[in-house]
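Student: I would like a close look at one part of this complex, and then at how the rest is arranged around that part. Please take me through the model slowly, and tell me where to be careful.

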Amino acid sequence: MAPQQSLLRRQLKRFFGTAFVIPAEWQGFIAAVDSAYADFEVDRELTERSTELSSQELLEANSDLVKSREMFRLMAESTKAIPFTLNLTRGCFPYIGAQGIADFGIAESEWRVPGALDVIFPRQFNDEIRRRFDECRSGQFEFVSSLSPRNDRRTEVRWTGTCEFVEGAKYLRGLMLDVTELRRLGRELAAAQKLEAVGRLAAGVAHEINTPVQFVSDNVQFVRKSMTDIATVIQAYRRLQHAVQSSGDIEGAGRLADEAEKAADLDYIMQNAPLALDSSIEGLGRIATIVRSMKEFAHPDQAQKTLADLNQAIRSTLVIAHNEYKYVAELDTRFDDLPPIECYLGEINQVVLNLLVNAAHAIADVVKDTGNRGRLSVRTRLDGDAIEISIGDTGTGIPEAARENVFDPFFTTKEVGRGTGQGLAIARSVVVNKHGGTLRFETECGKGTTFFIRLPITTQVHGTGKMRAAA
Amino acid sequence: MNERVLFVDDEPQLLEAIQRTLRKQVDLQTAGGGEEGLRVLREEGPFALVVSDMRMPVMNGAQFLGKVREQAPDTVRVILSGQADFQATIAAVNEGHIYRFLSKPCPFDQLLAAVHDGLNQHRLVTAGQMLCKRGFEVASKVSQSPYIGVARSITTLGDPPHFVSKCG
């Protein structure tokens, strides 16, 4: 019998003295109590065991939790994207990733102080990003903005996350990533694309220039030789004149003059020399136009937007792209009167060129060697507070499957060497990101495609102090 | 002897200017494109030399000269191109079997020299053919001679007509 089962028996002995003999009729009762004790003991042991087990599990689970939390923290804090929670109402960061603390060199406690935002990213140096924060509404946010913490080195930062309101306070949670290098590479890529486009055009432009150079120099050559021939004729006539004055051999001199005229083919020269010079003037004009357009197209990249005449810019771009489309398409232009617009002209030229070359390729794919010509329509118009440029072709149209991807970098359906898939990606980046405009297209397979560039006249690109004053 | 030259270019002003400068030195005809060039060749040929632009609508210079070669194999072919495009040059050489590749702008003296060289080349080609023809005639006469059986039996000379046909 288990020791606890004799508990009542021992208690009775202690109470009544060791000499006490437990009456036989109590035995049943004592056995029942013992059995109840035994049952209780089993229960107790079980409970104890299970408590012990569950507390161990809890401990293990807790340590797993700690591990996983640590893992997530390490993950979040070992990347270059800095996780943060920003309480915009109190102007502080309740949480900032360790890498952020290291990157910015600001102690964790300083981030938590109400008003820290004004100290770390003071408004006067971080106008753009502070405004972006203020403009955030409930839901996801994503933007790229320059950042100048405490006005030292300037970086470009991509902010992505969610904005929510908790008990009246506005919170932004998410990641901030330094994209300065990425942006730099992007700019280099854009520059490379520009060079590529210019290089591709160079062959066509060379042809456009070389042909008039050829006929201008041939014409000048002709006029030069004609001058020598004319000189011989004049010489002969002078002799004739001399003969007349000095009553010499007028008949002989007249015959010689006649012969000189025939030898020089004077009639031909008199008829053709003016034509040759007209043609030369026209050819030189053509060359001058191309060279001027080249210069206008390759408008140096500016740091600031400048006022530009888009119609004039598009005309120049059409001149240098002439060789790309002249064999496959009729050009149909309609330029409405446009006010000057503030823009990065060199980049807009690039966009227009990319779209023109694409259109010419699409038409070329349709007409092939048939000698038929498609139609390339270029229009500009004023639409409310925006300028719309449309470039339409009667080409192949964009296949259904490609429509979603046309603006993706490196997406191309052209064969190797005809395109790197950067054109439209850069076009969109220029139009949308740099000018706050839109770039869209309408397409129908077999009918053609039209791209629409919309540029707001009051350019609401963030960071221009003027616009803020107006708002 | 045929010394006529056909210039093909889609730029009429260029054809006019060439006409003006070369009119005294060369018997010149012009055409504004590949199709017209082939028509002129067919209707007003033969020509000793064809000088063609490279980039033209419908039919480029290489394609045009390829067809010229089929239509008039003796006509010497030259390209005068405004585009120093490597691919186009290769195509012109391979498709058109061209004699010279000139690039615009080509100075007058060089152009004239190339035209003269082309005409010389044509003379060589036609002279070679004439020699072969004469050789053929002589050989035919020889083969008809009653002594040829004897001659054949004592030499390893092949059948004369086969031998000369290689010249054609």
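**A close look at chain A and its partner**

Tutor: Chain A has a mean pLDDT of 84, with 92% of its residues at 70 or more. Keep in mind that this is a predicted model. Within chain A, strand 10 (residues 386-393) has the highest confidence, at 93, while helix 15 (residues 465-470) has the lowest, at a mean of 38. The pLDDT is below 50 across residues 459-471 of chain A, a stretch that nevertheless has 12 contacts in the model beyond near neighbours in sequence. Where pLDDT is low, the predicted coordinates should not be read in detail.

With that caution in place, let us look at the chain as a whole. Chain A contains 15 helices and 12 strands. Of its 471 residues, 26% are buried. If you take the contacts in chain A between residues at least 6 apart in sequence, 62% of them join residues at least 24 apart.

Helix 10 of chain A is a good place to see burial. This helix covers residues 310-320, and 8 of its 11 residues are buried, so it is largely enclosed by the rest of the structure. The buried residues of helix 10 of chain A are Leu310(A), Ala313(A), Ile314(A), Ser316(A), Thr317(A), Leu318(A), Val319(A) and Ile320(A).

For a single residue, try Ala253(A), which sits in helix 8 (residues 250-264) of chain A. Is Ala253(A) buried or partly exposed? Burial takes 20 or more neighbouring C-beta atoms within 10 Å. Ala253(A) has 19 C-beta neighbours inside 10 Å, so this residue counts as partly exposed. Leaving aside residues up to four places away in sequence, Ala253(A) touches Arg239(A), Leu240(A), Ala243(A) and Gly248(A). His242(A) lies 11 residues from Ala253(A) in sequence, and their C-alpha atoms are 9.1 Å apart.

Now to the side of chain A that meets its partner. The contact between the two chains draws 20 residues from chain A and 18 residues from chain B. On the chain A side, helix 7 (180-245) and helix 9 (266-297) each supply at least two residues. Helix 7 of chain A gives the largest share of that side, 13 residues. By class, the chain A side is made of 7 nonpolar, 11 polar and 2 charged residues. For the complex, the predictor gives an ipTM of 0.75 and a pTM of 0.61.

Chain B deserves a look too. Its average pLDDT is 82, and 84% of its residues score at least 70. Take care with residues 162-168 of chain B, where pLDDT stays under 50 and the model has 8 contacts beyond four places in sequence.

One helix pair in chain B is worth following in your viewer. Helix 2 (residues 34-44) and helix 3 (residues 61-71) of chain B have axes that come within 10 Å and cross at roughly 15°. These two helices of chain B, helix 2 and helix 3, are therefore roughly parallel to each other. Helix 2 of chain B passes helix 3 of chain B in a right-handed crossing. On the helix 2 side of chain B, the contact uses Gly34(B), Gly37(B), Leu38(B), Leu41(B) and Arg42(B). Helix 3 of chain B answers with Gln63(B), Phe64(B), Lys67(B), Val68(B) and Gln71(B). Sorted by class, this contact between helix 2 and helix 3 of chain B has 4 nonpolar, 4 polar and 2 charged residues.

Methods:
Residues are numbered from 1 along each chain as its sequence is written. Chains are lettered from A and ligands numbered from 1 in the order in which they are written. This is a predicted model: local features need pLDDT of at least 70, side-chain atom pairs count only at pLDDT 80 or more; totals for chains, interfaces and linings use all residues. Two residues are in contact if their C-beta atoms, placed from the backbone, lie within 7 Å. Helices (H or I, at least four residues) and strands (E, at least two) are DSSP runs, numbered from the N terminus. Ala, Val, Leu, Ile, Met, Phe, Trp, Tyr, Cys and Pro count as nonpolar, Asp, Glu, Lys and Arg as charged, and the others, Gly among them, as polar. pLDDT is the predictor's confidence in each residue, from 0 to 100. Axes are lines fitted to C-alpha atoms, for helices over the stretch in contact, and angles run from 0 to 180 degrees between N-to-C directions. Angles under 35 degrees count as roughly parallel, over 145 as roughly antiparallel, 65 to 115 as roughly perpendicular and the rest as oblique. A crossing is left-handed if the near helix is turned anticlockwise from the far one by less than a right angle, and right-handed if clockwise. A residue is buried if 20 or more other C-beta atoms lie within 10 Å of its own, exposed if 12 or fewer, and partly exposed in between; C-beta atoms are placed from the backbone.
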